[in-house]
Amino acid sequence: MRFTRPVQPYKLVSNEELGSWRDYGRFFSFIFMIALLANLLPVAYGHPLIVSDNLTQNNPLRYLVAQSYLHGHLPSWNPFSWTGTPLAAGFNSGAFYPLIFLYLIFPPDIALGVFQAILEAVFALGMYQLFRNLGFERRPSRIIAAISPFVGYYAAQSVHLDMVGGLAMLPYLTLALIKGLRATSVAVSARYGLLFGIAYALVVLGGAPEAMIYEAIFMAVFGILELVYLRPKAKLISVFFGVGAIAALLLPEVQILPGLLFINASQRGALPFDYATAGPFYPTSFLSLVTPFLFGGPGGFTEPNYFGPYGFEEVTIYIGIVPLILAMTTLAGLFGANKSLVRATDLPHRRTIIHLVIAGVASTILALGSFTPFEQLMLYVPIYNKQRLPSRNIFGFDFVALILAVPALGSLLRYSHRDKFAWRSAWITFSAVVIATLALLVFNGNLVRILDGLASDYKNPTEIAISSLVQMTLVVSVLLVIWYRPRITISSTQIALTLILVIDVISFNFQAYYASAPTTSVTEAKTSQALALKDVMKNNGGRFGIFDPDLFYYGELLLVGTPNLNLFNEISSIGGYSSLSLGNYNAATKSHIQASDRPSLLYSPLGKQLELTTILTGPVYFGTRTPLGDTATAIQPPISMSTNGTSKTVAHVGDFTGSPITASSIVLSFYSPHAATKTFRSDPNLGIASIKELSVVPINSDHRVRATLQGPVKTQVPNVLAYKFSLPRAITFGQILATQVMPAGIKDPTYAIAAGITIPQQNYNISLDGTLSNYLTPMLYHITTKIGTLTVYTKNEISSEIKALAAQTPSPPIVRGATPIDITGAKLTLDGMISYRVSSVRATTLTVSETYTSGWRATITNASGISHSASVRACGIFVCFDIPSGSSQITLNYVTLRERDGAILSLVGLLFVATILIRTRKTRRLPRQ
C-alpha cells in the first residue's frame, strides 16, 4: 500500500510549537529522575520495593529469562518452579518485553527499580500528552500527570510488573484513538493507527492477560462512542484500524503463538466459571477513595495488615484527596451544573471527555463482577471467561478520575472566586472520611462483614483512625485553599495545592510500600535462612516443597525464598507461583490455585515420584486452639511413630504451636466407632494399650522427660476416649516424643493415635490436629532443623538416584530407569538444559521427574560418540523415553512451540512498522526565523 503524504503549505512555526517536544522531554526527564530516586534509594539502603508477585514471580522470572539470553539461548523452560514449566510461553515472564535488557546489565533488584522508573515516567508522559491534546492547560496538566504514576490503581498495581507494563500504555492508546479518528488525511490516520498498534503490542508483551483484555474492552467502548459521534470517512477509518490491527497482531506474535499453545495446555484451559468470578471489586472498596487504609494495608508504618475483602493491591483506588475533589468538581461542570468552577471554555473536547466517563463507568461495572448481573453475561465471552480478577477492570475508574481532575485544577488557578462546587466536593470528601472511620470504630472491625458479608476479626482499629486523621488534615487544607482563594495569588494557590499533593503522595506511598519492603538479601534469596535451606538440600538433593495451605501465611517464608526465588540459590522446587501452570501437573497436585501443593502428596505414590526430599512449613498447620476441656475430634493419622509389633521410639519433633509450650499434662485421644465396646477400630490393642511411652523435650535440652499415665478423662465428644498423662512438673517444651506399638499385621499409619494430642493450658487447649499433622509424620519424615519459626522436614529414606545427584549444584531432576541404572554425572543449567551420564545393563525406559508437555527433545550419545534423537512421551505427568544398554550421554531440552513462527511474524511486523513510518513521514518544516 502506498500512502499519499499530506499536503502542507510551508509556513513559519511558532517557538511554542517548536518547543513542545522539548517540553515533553524535560517533563519525562524530571519524572524519570524522581521515579529512579524513589525506586533505587531503598535499594541502596537494603530495602528494595520488591513485594508481592514481583517478589515471588515477576522479578525472578525476568532474571531467569536474562540468564538464558546471557548463555546464548532463547528462554524456554523454568526447571525451578513446580516440576518445571514453560518459561518464554508464559506471558508473565515478559521474555520479549523491550525493557528485559535491564536484567542483562543490572542485578535483579536494581533492574526492577530502573524498570519501574521507566514505566512510571512513560505513563506520566502519556498522561501529560493526553491532557494537552484534550485542550487542558499546561500547568495543571503537568501537576496531575506528574503524580499519576504514584497514586491510584497504577501505584497499587506496581507490585505486578506485568500489569503496570500494560497500564503504562493506556494513555497512548487513548491518545491514538482520539487523534486517529479525527485525522484528515490517510497518512495521519496511518501514523496514529501505528501508535495504537505499537502501544497495544507492548501491553501484550508486558505479560498481564487482564491488561490485554480489559484495556481492549475500555478502548472498544470509548472507540465506538467516538465513531458514532464523529462519523469519519470510511477510508480514514479503514486505514487507522487496519494499520493498528496489523501492528497490534504482528509485533507480539513471538509471544502470542507460544502463549496461546501454553494456555491451551495449562490449568486455565479447562477451568470452571467460578475461577473467572474470583476477585471482584467489592463495593466496600470504594471507601479507599477517601481513606485507603481503612481496612489496613501491607503492614508498614502505622496501619495493620490488610483485613478487608480480597487483596490490598487489587482494591486500592486512592488517587489522592486533591484530585478526588477536583474530579468531583469537573464532573459537576461537565454535565451542565450552573455556576460551576469548570466552564465550557475549559472543556474544548467535552463530548470526548463524556465518552471517556462512559467507558470508565463500563469498566467499573465489569470490575464489580458478581456484584452485578453483567457478570453472568461475561462468563460466556471467550478468553474473558478464562481470567480471574475482574477487579482489575477498575483501572478505568481511576484513569478517568485523573483526567477529570485537570480542568478543575486549571480553573482553580485561573479564576479568583470561591467556587461552591469545589467547596461542596471538599466537604463531601471530609464527611466520607469521618463517617467511614467512625463506622469502623463503632462496629469494631466488622465493617467489612456488615457491608459485604465477609467476616473480619480485626479488633483494634486505633491505627486505622490515626491513618484517617492524615486524610482529614489534607481535606481541611484543601478547604482552606478554596476558602481563601479570592484573597491569595495564583502562584500561592499553586504552591499550596502542589504541597498538599506532594505530602499526600509521599504519605500514601510510604505507608503502602516503603515501610513493608523486604531487604535486598531477601530478593536474592541470600539470607541466613535461605542459605540454611540450601545447606540442607546439599546433603540430600532432590526437590523441596513449601507447604502453606493458607497461601503463604508466614512472612518468614519470604525470608527463605518462595519457590520461584529458588533459582537464585539454584534449588529445584515442586511449589511455586506463576500466572500459568501445566494442566496435567495441576490436575495431579491441585497446587496452582492455592499456590501450594496439597498435603496429601506427602503420603502418596506421586509424592514419591516427585522426590519430595525436603519440606518447609510452619507450626500453625500442626496445632489449633480449642476450648478448655475439649479434645481433638477429627481422626488423625499418626502424630507419633507407629511400629509394627516392636518397641522403637521415634520422635515427632517440632514447635507445633508457634511458640514454646508450658504444660504439666498431656491428653491422648482415641476414636472409638463402637461405643459399646469402647474400642478403636474394634481392636483394644489400638487404644491406650498400644502407647508404650510419651515424653517431652524441654527447651535448650537434649534430655527427654517421661510423662506418666494417670487414667481416662471425661470428654463430651461422642466416641472419643481420652487419657491424661502427667509430667513431673510444669515444663516448657517444643517437642513431643511418642512410642506406639502396632499389632502385627497392621501397617496402615491411619491406625495410630487417632484423635490427636491435646495440651491443656490455663485458659485453652492446644490440639495437635492441624492440616499437616496427618502427613508430616516420623513414619515418612524427620525434622532436620528450624529456620526461624519454620521447620525443615527431611524424608527418612532417600533413594540412590537422589544420593547420586546430591552433590550437583543446581540439582537436576531425578532420573529413574525401569531397570536399575547408575548415574555417573548430571548437570542442570539456568537456561533449562538437562544432561546426564547414565549406565544401564540393558535397554530400559528412562523417566525424568520433569513435567511433560509437547516440546521436549532428547538426544542420546553412546560410548562410540554416535548420537540419535529419542522419542519423548508422557509417563503419567513426567517425561520418559527409551535408552539403550551401556553408557550413554543424555541431553534433554525443551523447545518453545511455534516460537520460530512467532518470531518470523514479529519480524514482518517490524518491517511493516518501518514501511509505514517511511511512507508517512512528515514534510520537513522551515527553520525557525
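Okay, let's start with a term: a residue is buried when its relative accessible area is under 20%, exposed when that area is over 50%, and partly exposed in between, using a 1.4 Å probe and protein chains only. Take leucine 389, which counts as buried at 2% relative accessibility. Leucine 389 also has a positive phi of about 60 degrees although it is not a glycine.

Now, what we have here is a predicted model, where local features need pLDDT of at least 70 and side-chain atom pairs count only at pLDDT 80 or more, while totals for chains, interfaces and linings use all residues. Residues are numbered from 1 along each chain as its sequence is written, and side-chain values use heavy atoms, with hydrogens and water left out.

One more bit of bookkeeping: helices (H or I, at least four residues) and strands (E, at least two) are DSSP runs, numbered from the N terminus. With that, we can place leucine 389 in the loop between helix 18 and helix 19.

Let's stay in that loop. Arginine 392 makes a salt bridge with glutamate 314, at 2.9 Å from N to O. By salt bridge I mean a side-chain nitrogen of Lys or Arg within 4 Å of a carboxyl oxygen of Asp or Glu. Glutamate 314 belongs to helix 15 (residues 312–315) and arginine 392 to the loop between helix 18 and helix 19, so the pair ties together parts 78 residues apart in sequence. Glutamate 314 is buried at 3% relative accessibility, and arginine 392 is buried too, at 5%.

Tyrosine 384 is in this loop as well, and here we get to the rings. The structure holds 25 aromatic pairs. Rings of Phe, Tyr and Trp (its six-membered ring) pair if their centres lie within 6.5 Å; planes under 30 degrees apart are called stacked, over 60 edge-to-face, and the rest tilted. Tyrosine 384 and tyrosine 214 form a tilted pair, 5.5 Å centre to centre with 55 degrees between the planes. That pair links distant parts of the chain, as tyrosine 214 is in helix 11 (residues 209–230), 170 residues apart from tyrosine 384. Are these two tyrosines buried or exposed? Tyrosine 214 is buried with a relative accessible area of 1%, and tyrosine 384 is buried with 4%. Elsewhere, ring pairs link Phe293, Phe312, Tyr318 and Phe508 into a cluster.

Just past helix 11, have a look at arginine 231, in the loop between helix 11 and helix 12 (234–250). Its phi is near 50 degrees, again a positive value in a residue other than glycine. Unlike leucine 389, which is buried, arginine 231 is exposed, with a relative accessible area of 68%.

On to the strands. Strand 20 (residues 844–851) is mostly covered, with seven of its eight residues buried. Which strands does strand 20 pair with? Strand 17 (residues 815–817) runs antiparallel to strand 20, joined by three bridges, and valine 815 stands opposite valine 848. Strand 24 (residues 878–883) pairs with strand 20 in the antiparallel sense over six bridges, with threonine 844 opposite isoleucine 883. For the record, two strands pair if DSSP finds at least two bridges between them.

Strand 20 also carries glutamate 850, which forms a salt bridge with arginine 543, the closest N and O atoms being 2.5 Å apart. Arginine 543 is in strand 3 (residues 543–546), so this pair ties together parts that are 307 residues apart in sequence. Both glutamate 850 and arginine 543 are buried.

Then there's an open sheet of five strands, in the order 18-19-25-21-22, with antiparallel pairing. Why do strands 18 and 22 each have one side without a neighbour in the sheet? Strand 18 (821–828) and strand 22 (867–870) stand at the edges and each has a single partner strand, so one side of each is left free of a neighbour. Further in, strand 21 (residues 856–862) and strand 25 (residues 886–894) pair over seven bridges, antiparallel, and threonine 861 stands opposite glutamine 889.

Last stop: strand 16 (residues 790–795), where threonine 791 lies. Threonine 791 is buried, with a relative accessible area of 3%. Its C-alpha atom is separated by 5.8 Å from that of leucine 616, 175 residues apart along the chain.
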